[in-house]
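Trainee: I would like to learn how to read a structure feature by feature. Where do we begin?

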Amino acid sequence: MAKSKSAPTRAPSSASKANKTSGAQSPIASQAAGGETHQTASAPDDRITTNHGVPVSDNQNSLKAGARGPSLLEDFVLREKIQHFDHERIPERIVHARGSAAHGYFELTKSLGRYTRAKILTEVGKRTELFARFSTVAGGAGSVDTPRDVRGFAVKLYTREGNWDLVGNNIPVFFIQDAIKFPDLIHAVKMEADRGYPQAASAHDTFWDFIGLMPEATHMIMWAMSDRTLRRSLRMMEGFGVNTYRLLDDNDQPTFVKFHWRPKLGTQSTGWDEAVKIAGADPDYHRRDLHEAIASGAFPEWEFGVQVLSQAQADGLAFDILDATKLIPEELYPIQVVGRMVLNRNPDNFFAETEQVAFLPTNMPPGIDVSEDPLLQGRLFSYQDTQLSRLGTVNFHQIPINQAKGCPFQNFQRDGQMQTHLPQGRANYEPNSLGQASEIDGPREDPKGGFRTAAVAVEGAKVRLRPESFADHYSQARMFFRSQTKIEQAHLASALVFELSKCSFDHVRARVLGNLQNVDADLAKRVAAGLNVPLPPKTAAAVEPQDLKPSPALRIVGKYPETLMGRAVGILVTDGADGAVVKAVRKACEAEGATVKIVAPKVGGVTLKGGKTLVADGQLAGTPSVVFDAVALVVSADGCAQLMADSAGIDFVHNAFVHLKAIGFTAEAQPLLDKAGVVADPGIVNVAKGAEAFLPPARTRQWAREPSVRMLA
């Protein structure tokens, strides 16, 4: 852990005064550590209180045993705030409501016995049953799959020593440092309270108002505005544990650990315009993609990796390992791949499994433990409380999808709503001595093999503070932006322009632009120019940002495998088309592992040249090119003329071109290419001359085409 070199500080809330609003008194900005400001009430009537009227002295930090110590159960402000938040929606999840899931298994390939006694991480070759759920964060259960949003990545492993729920996201950092701010974050990003919109979107005033007032969120914003939040497929998405955990060996010696899931198909994204159009064409795009892949036997697979650090190594970091807004660069501590996850079975019933599954960060087998990360400390309470609200009973662990499967579960907890078990015996307490002579007296604690907590020293006064080591909000945000390729930087800047253009308050945009200048001056200028607004002064930073070494591992472009494995190719076919060309393209693409679908003007299919009928997998208007990674046009002259008179046909080609996809074609399709504005480049290939030439450009995006089809910030 990076140790404090000076006294801990209150977490800054804002770099500028809050805007005065109609009907409210103007708050006074009081100076906090590092030159930043903190809102305080101007009069008793303005004070935040508990639900029972007790004034709150600090709404930014949970109560801890020392600045870097664990959160305390006595913090009734934290508990009341999070408990109320957890119970706001019934029965839909407040966050991560829209999810897709699958069954599978985990297999350990390399033992971590040096660091942990957890059997799942020490028994090489053993397969452990699991259930994984992927989700969007902001939208409701009825929203779409493809908004710009963080994705949840939660895995329930049914280990021999109890369930292990590794509950994370597809981004390794988070918006906030302390769980006490989580209700505020979600309230800000959800639909605005007075109007009930926008749904599943962060491009609105309340979100960016909150972000501008919380400099600690800047690093996460770089990720959220990058292509990482525009997923091509759930099968092509990384997963991260986000928080720092500990591993405990046989002698209970702790080692810090970060958990990672890396997709074997590579990390891939769509473009923004493409994601919007996919939402209209197929709101269930990701859910359908996952289900169909598993049903077809193309089982998604992820590598499981860890970054492990000793206390001394953690102390040597330039940041605090307990700060959830920071990541450990792979170049500094490489990810050790120690296992794999394979998803090989779809749920039998969506509600019973995908909806009723309950993940708890407190579910950990012996040998794995938490850290004092204040975001994680709040999650340990919040998830359990949420399940009581959603599933309506303390017995939610008896629902089949939540039951421990690798081992028995037994204790003296009894009764409660929806009790389905039939415990026997007279005594329901421990210790007891009423068992029959031939029986034991019920389950007992296991001091040797049971769950034990790391014996980490805790000292210090009870405080509502964050340590000085949490105060650098911009250095890693700068590192992330400068680690991206020029293409990805342009996409990120353009995303910020779009999002901030949806804000109606000038001061909200100005505050965010002031923060961005601490990340990268050129980025701030590009966004301001894209908005056509003046560039405001740079926000005063609590800690001056540092120029860290770029981390190429944080890129997407140029990293994913050059293959069609796991991708989809659409072949648009009309009556009179050459069946031999269709067959050749399909064979070549399927040989590389692609899914190939035939698209026709009518769902009944087409009659090929020579009279043979070809059945269609999709109708043109309902199967646009946005749902494919590459397309081919195998048409006749008459068929081309018909497509040119149909906006769906023109859009099929035009969108494929502007979304930087490879386009295979036969000579008869040239007039359609011309009308759709297609200009010849290496990604435009005549497949009649040989289907093999179509494969190289189909494996990737045509990034060199982008400047000619899209204006980016």
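**Reading the model**

Mentor: Begin with the open sheet, whose 6 strands run in the order β19-β16-β15-β20-β21-β22 with parallel pairing. At the edges stand β19 (618-619) and β22 (684-686), each with a single partner strand, so one side of each is left without a neighbour in the sheet. In general, strands of a sheet pair through backbone hydrogen bonds, either parallel or antiparallel. Keep in mind that this is a predicted model.

Trainee: How many bridges link β15 and β16?

Mentor: Strand β16 covers residues 595-600, and its parallel pairing with β15 has 5 bridges. One position to look at is Val-569, which stands opposite Val-596 in β16. On to the edge strand: β16 and β19 pair over 2 bridges, also in the parallel sense. There, Ala-600 has Gln-619 of β19 as its bridge partner.

Trainee: Is β15 buried or exposed?

Mentor: The cut-off for buried is under 20% relative accessible area. In β15 (residues 568-573), 6 of the 6 residues are buried, so the strand is largely enclosed by the rest of the structure. Both faces are covered: one side carries Ala-568, Gly-570 and Leu-572, the other Val-569, Ile-571 and Val-573, and all are buried.

Trainee: In which sense do β6 and β7 pair, parallel or antiparallel?

Mentor: β6 (residues 151-159) and β7 pair in the antiparallel sense, over 8 bridges. The two strands are joined by a hairpin through 2 residues. Within this pairing, Lys-156 has Asp-165 in β7 as its bridge partner. As for burial, 8 of the 8 residues of β7 (residues 162-169) are buried, so this strand is largely enclosed by the rest of the structure.

Trainee: Now a helix. What span does α9 have, and what is expected?

Mentor: For a helix, compare the end-to-end distance with the value expected from its residue count. α9 (residues 374-391) has 18 residues and reaches 26 Å from its first C-alpha to its last, close to the 26 Å expected at 1.5 Å a residue. The span does not replace a look at the axis: α9 has a kink of about 25 degrees, centred on Leu-380.

Trainee: What is found at the start of α9, and what follows the helix?

Mentor: At the start, a side-chain oxygen of Asp-373 comes within 2.8 Å of the backbone nitrogen of Leu-375. After the helix comes Gly-392, with a positive phi near 75 degrees. Of the 18 residues of α9, 14 are buried, so the helix is largely enclosed by the rest of the structure.

Trainee: Which residues other than glycine have a positive phi?

Mentor: Among them are Asn-532, with phi near 60 degrees, and Leu-660, with phi of about 70 degrees. Read each with its place and its accessibility. Asn-532 is in the loop between α13 (521-531) and β15, and is exposed, with a relative accessible area of 70%. Leu-660 is in the loop between α16 (647-658) and β21 (663-665), and counts as buried at 3% relative accessibility.

Trainee: Where are cis peptide bonds found?

Mentor: Check omega along the backbone. One cis bond joins Tyr-197 and Pro-198, with omega about 5 degrees. Pro-198 lies in the loop between α2 (182-189) and α3 (205-213). Another runs from Glu-430 to Pro-431, where omega is near 5 degrees. Pro-431 is in the loop between α9 and β14 (462-463).

Trainee: What does the side chain of Arg-117 reach?

Mentor: For a polar side chain, look at burial first, then at its partners. Arg-117 lies in the loop between β4 (99-108) and β5 (127-136). It is buried, with a relative accessible area of 12%. Its side chain reaches the backbone oxygen of Gly-450 at 3.0 Å.

Trainee: Where does pLDDT stay under 50?

Mentor: Read the average alongside the local values. The protein chain averages a pLDDT of 91, and 92% of the residues score at least 70. Over residues 1-39, however, pLDDT stays under 50; for this stretch the model has 102 contacts beyond four places in sequence.

Technical notes. Residues numbered from 1 in each chain as written. Predicted model: local features only at pLDDT ≥ 70, side-chain atom pairs only at ≥ 80, totals over all residues. Heavy atoms only, no water. Helix = DSSP H or I, 4+ residues; strand = E, 2+ residues; numbered from the N terminus. Expected span 1.5 Å × (residues − 1). Bend = angle between axes of the 7 residues up to and from the residue. Buried < 20%, exposed > 50% of the residue type's maximum accessible area, 1.4 Å probe, protein only. Polar contact = N/O pair within 3.5 Å; in protein donor to acceptor, adjacent residues only side chain to side chain. pLDDT = per-residue confidence, 0-100. Contact = heavy atoms within 4.5 Å. Pairing = 2+ DSSP bridges.
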